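This briefing sets out the computed features of the structure shown below. It is arranged by topic, and each topic is given in short points.

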Amino acid sequence: MPRISSKNQVTVPVSALSEAGLGSGDHVIVEPIGDGELLIRRAVLSFAGAFGSLTGTYPAGYLERLDEEERSR
């Protein structure tokens, strides 16, 4: 029976991963769903999910200024 290690890691049995269609290298999301229960599910990584991830990296109007510089060339 798996147990939680001192590093808060758990080894998931291969049979459970295979039945769920998960494997080495897959990204997963772990969510608490109740007292003593967790849900592990495949993470859906998409390009659209990345939008907004760099918000605040550049000053306001930066992209507009770049567009204007490109148009003036």
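Tyr62 is found in helix α2, the helix that covers residues 62-71. At 30% relative accessibility, Tyr62 counts as partly exposed, and its C-alpha atom is separated by 34 Å from that of Ile29, a residue 33 positions away along the chain. The model is predicted. In it the chain has two helices and two strands, which follow one another from the N terminus as α-β-β-α.

**Aromatic pair**

- A search of the whole structure finds one aromatic pair.
- The pair consists of Tyr58 and Tyr62, whose ring centres are 4.9 Å apart and whose planes meet at 5 degrees, so the pair is stacked.
- The assignment follows from two limits, because centres must lie within 6.5 Å for rings to pair and planes under 30 degrees apart count as stacked.
- The two partners fall into separate accessibility classes: Tyr58 is exposed, with a relative accessible area of 52%, while Tyr62, at 30%, is partly exposed.
- The value for Tyr58 places this residue in the exposed class because that class begins over 50%.

**Salt bridges**

- How many salt bridges does the structure hold? There are three.
- One of them joins Arg41 to Glu31, with the closest N and O atoms 2.7 Å apart.
- That pair links distant parts of the chain, since Arg41 belongs to strand β2 (residues 37-42) and Glu31 to strand β1 (residues 28-34), with the two positions ten residues apart in numbering.
- Both partners of this bridge are partly exposed: Arg41 has a relative accessible area of 37%, and Glu31 has 28%.
- Glu68 forms a salt bridge with Arg71, and here the closest N and O atoms are 3.1 Å apart.
- Glu68 and Arg71 both lie in helix α2, and they are separated by about one helical turn because they are three residues apart.
- Glu68 is partly exposed at 44% relative accessibility, whereas Arg71 is exposed at 58%.
- Glu70 forms a salt bridge with Arg73, with 3.7 Å between the closest N and O atoms.
- This distance qualifies because the limit for a salt bridge is within 4 Å.
- Glu70 and Arg73 are both exposed.

**Segment before α1**

- Asn8 lies in the segment before α1, a helix that covers residues 14-20.
- The phi angle of Asn8 is near 60 degrees, a positive value in a residue other than glycine.
- Asn8 is exposed, with a relative accessible area of 66%.
- Val12 also lies in the segment before α1, and at 33% relative accessibility it counts as partly exposed.

**Nonpolar surface patch**

- Which residues make the nonpolar surface patch? Ile4, Val10, Val12, Val28, Val30, Leu38 and Ile40 make it, and its area is about 620 Å².
- Strands β1 and β2 each supply at least two residues of the nonpolar patch.
- Val12 meets the accessibility condition for a patch residue because its 33% is over the 30% required.

**Overall dimensions and exposure**

- The chain has a radius of gyration of 21 Å, whereas a compact globule of 73 residues would have one near 11 Å.
- Along its principal axes, the C-alpha trace of the chain spans about 65 × 25 × 20 Å.
- Of the 73 residues of the chain, 3% count as buried.
- Among contacts between residues at least 6 apart in sequence, 0% join residues at least 24 apart.
- The chain exposes about 6,900 Å², and carbon and sulfur atoms supply 56% of this area.

Terms used: Residues numbered from 1 in each chain as written. Predicted model: local features only at pLDDT ≥ 70, side-chain atom pairs only at ≥ 80, totals over all residues. Heavy atoms only, no water. Salt bridge = Lys/Arg side-chain N within 4 Å of Asp/Glu carboxyl O. Helix = DSSP H or I, 4+ residues; strand = E, 2+ residues; numbered from the N terminus. Buried < 20%, exposed > 50% of the residue type's maximum accessible area, 1.4 Å probe, protein only. Phe/Tyr/Trp six-rings, centres within 6.5 Å; stacked < 30°, edge-to-face > 60°. Rg over C-alpha atoms; globule rule 2.2 N^0.38 Å. Contact = heavy atoms within 4.5 Å. Areas by Shrake-Rupley, 256 points an atom, 1.4 Å probe, with all protein chains shown as cover. Patch = residues over 30% accessible without salt bridge, like charges linked within 9 Å, V, L, I, M, F, W, Y side chains within 5 Å.
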